[in-house]
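This report describes the fold, the packing and selected side chains of one protein chain. Please consult the sequence and the model shown below while reading.

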Amino acid sequence: MAAMDLFGRRWALRILWELRAGPLGARALLARCEGLSSSVLYQRLRELVSSGIIAPSADGYELTRLGTALRDALRPLDAWSITWAQEQEHGDQEPPRT
């Protein structure tokens, strides 16, 4: 449950998602995450570093081996979210199951 607590914190998954293609600095992360304050960004970065999911690098922050495995685990969720968003946009919702 510790992982769910970490990932459930606002902006944590978004920061990880933005790091999926490679290292980014704090300014780049702030630019990509509209509405994210610098204080929350640095708090999340500290939490993600201490959890071993990201690490500081010469280019900012990057995914660790564990972070890369997490990124790969999140790809199906990303694919699902695209399908869900398209269905929401077109009103193609299935009736609720009871």
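The chain contains five helices and two strands, where helices (H or I, at least four residues) and strands (E, at least two) are DSSP runs numbered from the N terminus. Read from the N terminus, the order of the elements is α-α-α-α-β-β-α. The model is predicted: local features need pLDDT of at least 70 and side-chain atom pairs count only at pLDDT 80 or more, while totals for chains, interfaces and linings use all residues. Residues are numbered from 1 along each chain as its sequence is written, and side-chain values use heavy atoms, with hydrogens and water left out.

**Overall dimensions and surface**

The C-alpha trace spans about 50 × 30 × 20 Å along its principal axes. The chain has 98 residues, of which 29% are buried; buried means under 20% relative accessible area, exposed over 50%, and partly exposed in between (1.4 Å probe, protein chains only). The accessible surface amounts to about 6800 Å², and carbon and sulfur atoms account for 54% of this surface. These areas come from the Shrake-Rupley method with a 1.4 Å probe, and for residues only the protein chains shown count as cover.

Of the contacts between residues at least 6 apart in sequence, 48% join residues at least 24 apart, a contact being heavy atoms within 4.5 Å. The chain carries 12 positive and 12 negative charges, and their mean positions are 8 Å apart. Lys and Arg count as positive and Asp and Glu as negative, whereas His and the chain ends are not counted. The place of a charge is taken as NZ of Lys, CZ of Arg, CG of Asp or CD of Glu.

**Selected residues**

The following table gives the location and relative accessibility of three residues in helices.

| Residue | Location | Relative accessibility |
|---|---|---|
| Glu 18 | helix H2 (residues 12–18) | 10%, buried |
| Leu 30 | helix H3 (residues 26–32) | 27%, partly exposed |
| Arg 44 | helix H4 (residues 38–50) | 10%, buried |

**The N-terminal part**

Trp 11 is located in the loop between helix H1 (2–7) and H2. Its relative accessible area is 15%, so Trp 11 is buried. The phi angle of Trp 11 is near 80°, a positive value in a residue other than glycine. Most residues other than glycine have a negative phi.

Which residues does Arg 44 contact, leaving aside its neighbours within four places in sequence? They are Arg 9, Arg 10, Ala 12 and Ile 15. For one of these, Arg 10, the backbone oxygen lies 2.9 Å from a polar atom of the Arg 44 side chain.

Glu 18, leaving aside neighbours within four places in sequence, is in contact with Leu 24, Leu 29, Arg 32 and Cys 33. Leu 30 touches Leu 36, Ser 37, Ser 38 and Leu 41, not counting residues up to four places away in sequence. Leu 30 and Ile 15 are 15 residues apart in sequence, with a C-alpha to C-alpha distance of 9.2 Å.

**Leu 19 and Tyr 61**

Leu 19 belongs to the loop between H2 and H3. Is Leu 19 buried or exposed? Leu 19 is buried, because its relative accessible area is 1%. Not counting residues up to four places away in sequence, Leu 19 touches Leu 24, Leu 29, Ile 54, Tyr 61 and Leu 63. Between Leu 19 and Glu 87, 68 residues apart in sequence, the C-alpha to C-alpha distance is 27 Å.

Tyr 61 is part of strand S2 (residues 60–63) and is buried, with a relative accessible area of 18%. Leaving aside neighbours within four places in sequence, Tyr 61 has contacts that include Leu 19, Gly 22, Pro 23, Leu 45 and Val 49. Tyr 61 and Leu 16 are 45 residues apart in sequence and 9.9 Å apart in space, C-alpha to C-alpha.

**The aromatic pair**

A search of the whole structure finds one aromatic pair. Trp 80 and Trp 84 form this pair, which is stacked, at 6.1 Å centre to centre and with 15° between the planes. Rings of Phe, Tyr and Trp (its six-membered ring) pair if their centres lie within 6.5 Å; planes under 30 degrees apart count as stacked, over 60 as edge-to-face and the rest as tilted. Because Trp 80 and Trp 84 are four residues apart in helix H5 (residues 65–90), about one helical turn separates them. Trp 84 has a relative accessibility of 44% and therefore counts as partly exposed.

Conventions. Polar contact = N/O pair within 3.5 Å; in protein donor to acceptor, adjacent residues only side chain to side chain.
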